[in-house]
Amino acid sequence: MSSSLFSPADEFEIFCRFCEKITIAHLDRCIAGNGKIVDRNSVFEYYCTRCMKTFCYSGTDILEQRKNSIEIFEQRSYTPTDHFFIGEVIHHKQFKECGTVVGKDNGSPSKIVVKFPKSGLRRLVQDM
Ligand SMILES: [Zn+2]
């Protein structure tokens with residue numbers, strides 16, 4: 001099999017659309033796709049630790065759990081043609097700062113919601 005096992009991050013910062021605030025989302029359960037194998041195409045249910053409401057993400061939209069916390073995560077520069085993951089830290093050249101991806105807007109075009117320390121919450125196009 002080509003698809004490998006996937007363990008998503010237990011929790012990450014998220015822009016909760018119910019709270020309309022940045023909160024912490026915690027992994028609730030994995031909903032495996034075909035068969036019983038949890039891989040990148042599985043769906044993961046998270047709940048907001050503030051309002052306890054649940055939401056689902058595909059493994060293709062979230063960061064994998066870091067196996068080694070000392071491991072330095074390489075920051076990518078933001079470009080509209082790339083695909084980004086929730087929990088990922090990206091660098092924005094125009095804003096001249098790094099932000100954390102805290103959500104997704106699955107419209108067309110698809111957008112990521114990024115929290116920047118100075119520029120605030122921004123919606124940026126991805127997968128263009
Ligand atoms: Zn919430």
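This report describes how the strands of one protein chain are arranged, which residues form its core, and where two chosen residues sit.

**Overall make-up**

The structure is a predicted model, and the protein chain in it has zero helices and nine strands. Read from the N terminus on, the elements therefore run β-β-β-β-β-β-β-β-β. Of the 128 residues in the protein chain, buried residues make up 21%. When contacts between residues at least 6 apart in sequence are considered, 37% of them join residues at least 24 apart.

**Strands β2, β3 and β4**

Strand β2, made of residues 21-31, pairs with β3 in the antiparallel sense, and six bridges hold this pairing. Strand β3 also pairs in the antiparallel sense with strand β4, residues 54-58, in this case over five bridges. Tyr47 in β3 is a useful residue to find on the structure, since it appears in both pairings: His26 stands opposite Tyr47, and Tyr47 stands opposite Thr54 in β4. The strands β3 and β4 form a hairpin with five residues between them, and in the turn Met52 has a positive phi of about 65°.

Asp28 offers a closer view of this region, and the residue is found in strand β2. Is Asp28 buried or exposed? Asp28 counts as partly exposed, because it has 14 C-beta neighbours inside 10 Å, whereas a buried residue would need 20 or more. Leaving aside neighbours within four places in sequence, Asp28 is in contact with Glu45, Tyr46, Tyr47 and Thr54. For one of these, Glu45, the distance along the chain from Asp28 is 17 residues, while the two C-alpha atoms are separated by 5.4 Å.

**The five-stranded sheet**

In which order do the five strands of the open sheet lie? The order is β5-β6-β7-β8-β9, and the pairing is mixed. The edge strands, each of which pairs on one side only, are β5 (76-77) and β9 (120-125).

Within this sheet, strand β6, residues 89-92, and strand β7, residues 97-105, run antiparallel and are joined by four bridges. Two positions show how they line up: His91 stands opposite Cys98 in β7, and Ile90 stands opposite Gly99 in β7. The hairpin of β6 and β7 has four residues between the strands, and Lys96 takes a positive phi near 55° there. On to the next strand, β7 and β8 (residues 111-116) run antiparallel and are joined by five bridges. Gly103 has Val113 in β8 as its bridge partner, and the hairpin that joins β7 to β8 passes through five residues.

The antiparallel pairings described so far are set side by side below.

| Strands | Bridges |
|---|---|
| β2 and β3 | six bridges |
| β3 and β4 | five bridges |
| β6 and β7 | four bridges |
| β7 and β8 | five bridges |

Phe95 has its place in the loop between β6 and β7. Phe95 is partly exposed, because 17 other C-beta atoms lie within 10 Å. When neighbours within four places in sequence are left aside, Phe95 is in contact with Phe116 and Ser119. Phe95 and Phe116 are 21 residues apart in sequence, and their C-alpha atoms are 8.7 Å apart in space.

**The nonpolar core**

In soluble globular proteins, nonpolar side chains tend to be buried together. The largest nonpolar core here has 19 residues, and those that touch the most other members are Ile14, Ile86, Val101, Val102 and Val114. Strands β1 (11-16), β3 (43-48), β7 and β8 each supply at least two residues of this core. Which strand gives the most to this core? The answer is β1, with four residues. The core also draws on both parts of the chain, taking at least three residues from each of domain 1 (11-61) and domain 2 (76-125).

Val101, one of the residues that touch the most other core members, can be followed in detail. Not counting residues up to four places away in sequence, Val101 touches Phe84, Phe85, Ile86, Gly87, Glu88, Ile90, Ile112 and Val114. Among these neighbours are Ile90, which stands opposite Gly99 in β7, and Val114, which is itself named among the core residues touching the most other members.

How values were computed. Residues numbered from 1 in each chain as written. Predicted model: local features only at pLDDT ≥ 70, side-chain atom pairs only at ≥ 80, totals over all residues. Pairing = 2+ DSSP bridges. Buried ≥ 20, exposed ≤ 12 C-beta atoms within 10 Å, placed from the backbone. Contact = placed C-beta atoms within 7 Å. Core = buried A, V, L, I, M, F, W, Y, C linked by C-beta atoms within 7 Å. Domains from an automatic or database assignment.
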